[in-house]
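Dear colleague,

Here is the structure I said I would pass on. My notes on it follow below.

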Amino acid sequence: MKKIFIMAVLLLGFVISASAQKKIELTELPKPAQDFLKKYFSNSAIDVVKKDAEHGEKGYEVKLKDGTEIEFWKDGSYREVDGGKNPIPTAFIPAAVKDYVAKNHPNEKITHIDYGHKDLDVDLTNNIDLEFTKDGKILKDKKNK
């Protein structure tokens, strides 16, 4: 009986997570998201576009063929750009953040940026993790092991 209950819970979890992300066409993204992709990622082929309800936040997720993942808020503004271990374009990153990185980590590149509800998380090559306020003031600068 316990095994059946566990299987039912696992199956329900799978169904819920599968329905949380639905593949859509690029043209179904809000215009600001489409414009962002055209402007900053026009040289990258798009692999998958999904409508995403992660953490109760409705938004969108785009995966590029090079492995970069971009998440957008429901209004189409970008929320997160993750290049994995690869550098990402920086033209859309606040100047204060780029200036801090250039001054304090001149040999490193930005690989990830994430707008949280309260702060801005930035990862650099060489496993360096930075945290900024929304207006670009540094809160944390540390190397992850």
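In the protein chain, 35% of the contacts (heavy atoms within 4.5 Å) with a separation of 6 or more join residues 24 or more positions apart. This is a predicted model, in which local features need pLDDT of at least 70 and side-chain atom pairs count only at pLDDT 80 or more, while totals for chains, interfaces and linings use all residues. Residues are numbered from 1 along each chain as its sequence is written, and side-chain values use heavy atoms, with hydrogens and water left out.

The protein chain has three helices and nine strands (DSSP runs, H or I of at least four residues and E of at least two, numbered from the N terminus). Their order along the sequence is α-β-α-β-β-β-β-α-β-β-β-β.

Of the 145 residues, 34% are buried (under 20% relative accessible area, 1.4 Å probe, protein chains only). The largest nonpolar core (buried Ala, Val, Leu, Ile, Met, Phe, Trp, Tyr and Cys joined through side-chain atoms within 4.5 Å) holds 29 residues, and Phe72, Val81, Phe92, Ile113 and Val122 have the most contacts inside it. Elements giving two or more residues to this core include α2 (31-40), α3 (95-104) and β5 (78-82). Leaving out residues up to four places away in sequence, Val81 touches ten residues' worth of neighbours listed here in full: Phe36, Phe41, Thr68, Glu69, Ile70, Ile88, Phe92, Thr111, His112 and Ile113.

Regards

Notes. Buried < 20%, exposed > 50% of the residue type's maximum accessible area, 1.4 Å probe, protein only.
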